[in-house]
Structures are given as structure tokens and as C-alpha cells.
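Please open the model in your viewer and keep the sequence panel beside it, since each stop on this tour begins with something to select.

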Amino acid sequence: MGICLIACAILSWILIHRWSQRNNRGPKTWPLVEAAIEQLLNYDRMHDWLFKHLSQSKTVVVPMPFTTYTYIAVPANVEHVLKTNFANYPKGEAYHSYTEVLLGDGIFNVDVITETLRLNPAVPQDPKGILEDDVLPDGTRVKAEGMVTYMPYLMGRMEYNWGSDAASFKPERRLKDGVFQNASPFKFTAFQAGPRICLGKDSAYLQMKMALAILCRFFYFNLVPRHPVKYRMMTILSMEHGLKLNVNKRL
Ligand code: HEM
């Protein structure tokens, strides 16, 4: 008898719960598990499932046990989240852990890549011709038909540019409150700057991020002991003896 009563109470609870949301837009929920069942059933076709809901109500709120997922597709909402109130919408603990290898703490590990290029820029010196006599901002006079060379390799190592720890590899020097800060392209000159800045910069970053994320996800690398690390003098910064590494699979 007692069990029957409990079963009836639970059944009524479920029926009332389902009835009360008959006019609701968005995914229907069940007591306790909320919309988890519907979300799970549609996991493999998530975009189609949300397409249906977003077409009907523009913003879809999916209640889940202990939390709520809100899906937005209206440009004004997207601008609010991505710009107007940006500080209020960090990646979040859970997503940070899923994407850490790829994203790191900056945006896509740019801090590590940029610090590497500060110390080892692919173009270590970049000469320019001089058409007419000129005076540089520090008073240096340059003569027509001579040559002026800016030095990315050395600019990245100058204490007057980067502080007393200029020689140290410190990706975190680019982070301010956990967010990557771009240095002036006239100070970090690995890609040149001004009207003739490298056109492939974004593409190069994308390739480096992908290679770094995939290689570091599956392997770790150690320099072969006593291997001489030395650059070869040529237009691009290449290595006199290559870079010999021991490569091990991450377990
Ligand atoms: C880490 C990778 C790279 C570095 C450090 C780099 C650096 C540079 C530098 C210093 C220059 C100026 C050269 C000069 O005029 O004296 C330059 C120019 C250029 N780069 Fe890159 N580059 C990289 C990758 C790429 C990639 C992947 C592409 C193409 C997809 C690319 C396309 C170009 C082009 C088209 C220019 C000529 C721009 C112009 O003169 O107007 N670069 N790059």
C-alpha cells in the first residue's frame, strides 16, 4: 500500500511537471534530470537539435541537473557576451580544462610561441636600403645608398627593451591578469612591422599552434645531453648542427 502511494505520488509529480511546460519553447524537461535525457539522446546531432529550438525561440535555455546551458544566436546577444560584458564570460573552469593543451592560459598558447620568437626570430636581421639621407629619431644620420638593418634577434635580447630578465625564456611576461598582451610590433619585430609587415603572420601562428598542441599532447622532448645548440649565419635563423632531441611518448 505504502509503495503504491509513493509510486502514485511520483507519477503525479512527473505528469504535473510535464503538463506545466506544455507551452514552453525549448527542450522539455523531466523532474530531477531536467533536459539531460533529451540532450543526451540528441548528442550526436546536437547542431540539428539546437537548430530546431533556436529557429523557434532565438535563445534556448536548457536546464540541466545543477546547472543551465544557454544557447544564443542573436547578434546583439553575441556582441554582449563577446564584447560589451566580456569580463563576465571567461572560458570557465570546465572548458578551460578541456581546451588547456590547445588554448593554454593566453589565447592559443601565443605566449609560448611569441616568447620563442622573441629570442629566436626566424629572420634575425632585416636590412633595408636608403634612398635619401635621413636622420633617425635618436639623431643618427644615415646616408643615401647605405644600408640600415633592424635586428629582431638582438632587439629581443636587449635589457632596455625587455628588462633585466631579457635573456630568460618567460612566456608569462606577456600575460597581464592571465590575458595575453601584444607588445608593439616595433619592439617585437619577428614579423617586421608597418606597411610591409609579414602577410603570413596569422597563418604562421595557426600552423605553429597546431603543431605545438598536437606534438606536446602526445610527446615530450628533451635536448640530447651535450648537443651543441648553435645558429648558422644565414638569412634565416637555422641551426648549425640541427636540434637533437630525445622524444618520448606521453603516457
Ligand atoms: C614564423 C613564421 C614567419 C616569420 C617569423 C615571418 C617573418 C617575416 C618577415 C620578417 C618579413 C619581412 C621580410 C622583409 O621584407 O624584409 C616577412 C614578409 C612576408 N611574409 Fe612572413 N614570416 C613567417 C611566415 C610566413 C608565412 C607562413 C607566410 C605565408 C603564408 C608569410 C608570408 C610573407 C609575405 C607575403 C611577406 C612579404 C610582405 C611584404 O613585403 O609586403 N610569412 N615575413
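Begin by selecting Phe 221 together with Leu 245 and Val 247, because these two are the residues that Phe 221 contacts once its neighbours within four places in sequence are left aside, and keep in mind throughout that the model is predicted. Phe 221 belongs to strand E9, which covers residues 219-223. Is Phe 221 buried or exposed? It counts as exposed, because it has 11 C-beta neighbours inside 10 Å, and a residue is called exposed when that number is 12 or fewer. If you now add Met 147 to the selection, you will find a residue that lies 74 places from Phe 221 along the chain, with 41 Å between the two C-alpha atoms.

Next, colour the two domains separately, taking residues 26-89 as domain 1 and residues 110-249 as domain 2. Their centres, taken over C-alpha atoms, are separated by 43 Å.

Within the second range, select helix H6, residues 110-119, and show the side chains of its buried residues, which are Asp 111, Val 112, Ile 113, Thr 114, Leu 117 and Arg 118. What do the buried residues of H6 pack against? Their partners are strand E7 (175-176), strand E8 (179-180) and helix H9 (201-218).

For a contrast, move to helix H3, residues 46-57, where the count of buried residues among the 12 is 1, so that this helix is hardly covered. From its first C-alpha to its last, H3 reaches 16 Å, close to the 16 Å expected at 1.5 Å a residue. Just after H3 comes Lys 58, whose phi is positive, near 60 degrees.

Then go to the start of the chain and select residues 1-20, where an unreviewed UniProt entry places the feature "signal peptide". This stretch is 95% helix and 0% strand, and its end C-alpha atoms are 28 Å apart. Helix H1, residues 2-20, has 19 residues and reaches 27 Å, close to the 27 Å expected at 1.5 Å a residue. The number of buried residues in H1 is 0, so this helix lies largely in the open.

Finally, select the ligand and the 13 residues around it, of which Ala 122, Gln 192, Cys 198, Gly 200 and Ala 204 come nearest. How many residues of this shell are nonpolar, polar and charged? Colouring the shell by residue type should show 8 nonpolar, 3 polar and 2 charged residues.

How values were computed. Residues numbered from 1 in each chain as written. Predicted model: local features only at pLDDT ≥ 70, side-chain atom pairs only at ≥ 80, totals over all residues. Near = placed C-beta within 6 Å. Nonpolar A, V, L, I, M, F, W, Y, C, P; charged D, E, K, R; others polar. Domains from an automatic or database assignment. Buried ≥ 20, exposed ≤ 12 C-beta atoms within 10 Å, placed from the backbone. Helix = DSSP H or I, 4+ residues; strand = E, 2+ residues; numbered from the N terminus. Contact = placed C-beta atoms within 7 Å. Expected span 1.5 Å × (residues − 1). UniProt positions renumbered as here; feature names shortened; annotations may be inferred.
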